[in-house]
Amino acid sequence: MPTLDRATTDFTAPTAVWRSQQSGPHDVRMLVATTRKLQGNKQPGNELASETTYLNTSVSIPPDHRAGVIERPSITSESPKRHIVLGPQRVMDAETFRGTLATALSGRVGVSRDVLVFVHGFNTSYDEARYRLAQVVEDSGFTGVPVLFTWPSQRELFAYMSDKDSATASRDALEKLMRDLAATPGVGRVHVLAHSMGTWLAMEALRQNAIAGQADLGGRLGEVMLASPDIAMDVFKGQMARLGAVTRVSIFAANDDRALSLSGALAGSRTRVG
């Protein structure tokens with residue numbers, strides 16, 4: 001199968017082209033919306049911010065990348081030729097974020113006009129979320145614009161309740177982001193991919209949009225994909241009832257998800273969707 005060449009890191013460049021081989025590392029560029037508070041080095045940390053911060057960043061993919069793997073160094077030093085490597089990033093205001101997305105979509109056709117929103121789960125750092133979204137985009141051959149929504153997970157196994165509070169506090173920001181993406185000129189479909197506790201956050205944001213009369217985001221909502229959803233079954237039924245038949249939801253389950261095991265224990269063994 002041919003491989004997608006994303007050698008350019010410029011969102012204003014033409015839609016990526018296909019070729020059979022890659023000669024070196026290439027970039028997956030993504031937009032970021034986060035409720036993490038910026039630290040002194042302008043890096044999103046693990047504290048909750050009072051408002052959403054927007055960034056433009058990229059992640060480099062090695063030429064010999066294997067599907068399903070995030071290549072990171074264990075002993076040797078980091079190398080773009082062998083590892084997935086974080087690229088530079090730039091902080092933007094909300095207006096610049098929307099303008100950058102509109103520019104990225106301008107002139108595209110078909111599914112290349114789509115946006116993929118990734119919402120990470122419990123016990124996940126900002127860097128890990130970027131690695132994961134880049135890997136998903138690369139492995140799936142997604143040619144639209146990837147957008148990471150990252151919330152302040154503490155990145156600690158036993159900080160489950162703290163993470164749940166941060167996810168709860170991030171619902172309004174994700175709800176607004178979804179509406180803003182759907183209202184962008186030239187956009188096709190807005191797809192949502194969420195993992196673990198991020199599935200609860202994503203479903204709550206969709207539910208709030210449904211209450212506001214935007215269940216399908218003005219006809220722009222695409223696929224909703226929930227990986228190992230950390231949602232109580234009765235809560236999920238209520239969310240789906242509010243969303244209605246216009247929302248297509250796919251569930252991907254895993255038997256060995258540690259976050260689900262922990263959440264089930266904390267919830268008194270209430271059945272989780274995942």
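A search of the whole structure, which is a predicted model, turns up eight salt bridges. Let us begin with three of these pairs and then move out to the sheet, the helices and the nonpolar cores.

## Charged pairs

| Pair | Closest N to O distance |
|---|---|
| Arg130 and Asp127 | 2.8 Å |
| Arg171 and Glu204 | 3.0 Å |
| Glu175 and Arg179 | 2.9 Å |

Side chains of opposite charge can pair when their charged atoms come close. Arg130 and Asp127 both belong to helix H2 (residues 126-140), where three residues, about one turn of the helix, separate them. An α-helix has 3.6 residues a turn, so residues three or four places apart point the same way. How accessible are these two partners? Arg130 is buried, with a relative accessible area of 2%, while Asp127 is partly exposed at 27%.

Now for Arg171 and Glu204, whose side chains form a salt bridge. This pair links distant parts of the chain: Arg171 sits in helix H4 (residues 171-182) and Glu204 in helix H5, 33 residues apart. Arg171 is partly exposed, having a relative accessible area of 22%. Glu204, at 8% relative accessibility, counts as buried because the cut-off for that label is under 20%.

Helix H4 also holds Glu175 and Arg179, four residues apart, again about one turn of the helix. Glu175 is buried at 13% relative accessibility, and Arg179 is partly exposed at 33%. Elsewhere, Arg98, Lys176 and Asp180 are joined into one network by salt bridges that share partners.

## The sheet and its helices

Eight strands make up an open sheet of mixed pairing, and their order is S5-S4-S3-S7-S6-S8-S9-S10. Which strands lie at the edges? They are strand S5 (85-92) and strand S10 (248-252), each of which pairs on one side only. On average, neighbouring strands of this sheet are turned by 20° against each other, direction ignored.

Inside the sheet, strand S3 (residues 26-38) pairs with strand S7 (residues 145-150) in the parallel sense, over four bridges. Thr34 has Thr150 of S7 as its bridge partner. Helix H1 (residues 94-105) packs on the sheet and touches S3, strand S4 (44-61), S5, strand S6 (115-119) and S7. The direction of H1 makes about 120° with that of S5.

Helix H5 (residues 197-211) lies across S6, S7, strand S8 (190-195) and strand S9 (221-227), and runs at about 145° to S8. In helix H3 (residues 160-169), the buried residues are Tyr160, Asp163, Ser166 and Ala167. These four cover an arc of only 120° around the axis, so they are on the same side of H3.

## Nonpolar cores

In soluble globular proteins, nonpolar side chains tend to be buried together. The largest nonpolar core here has 44 residues, and those with the most contacts inside it are Val117, Val119, Phe149, Leu174, Leu177 and Leu181. Helix H5 supplies the largest share of this core, eight residues.

What surrounds Val119, neighbours within four places in sequence aside? Val119 is in contact with Phe149, Trp151, Leu174, Leu193, Ala194, His195, Gly198, Leu201 and Ala202. Apart from the largest core lies another one, of 18 residues, including Met30, Val32, Ala129 and Tyr131.

Notes
Residues numbered from 1 in each chain as written. Predicted model: local features only at pLDDT ≥ 70, side-chain atom pairs only at ≥ 80, totals over all residues. Heavy atoms only, no water. Pairing = 2+ DSSP bridges. Helix = DSSP H or I, 4+ residues; strand = E, 2+ residues; numbered from the N terminus. Axes fitted to C-alpha atoms, helices over the stretch in contact; angles between N-to-C directions. Contact = heavy atoms within 4.5 Å. Buried < 20%, exposed > 50% of the residue type's maximum accessible area, 1.4 Å probe, protein only. Arc of directions from axis to C-beta. Core = buried A, V, L, I, M, F, W, Y, C linked by side-chain atoms within 4.5 Å. Salt bridge = Lys/Arg side-chain N within 4 Å of Asp/Glu carboxyl O.
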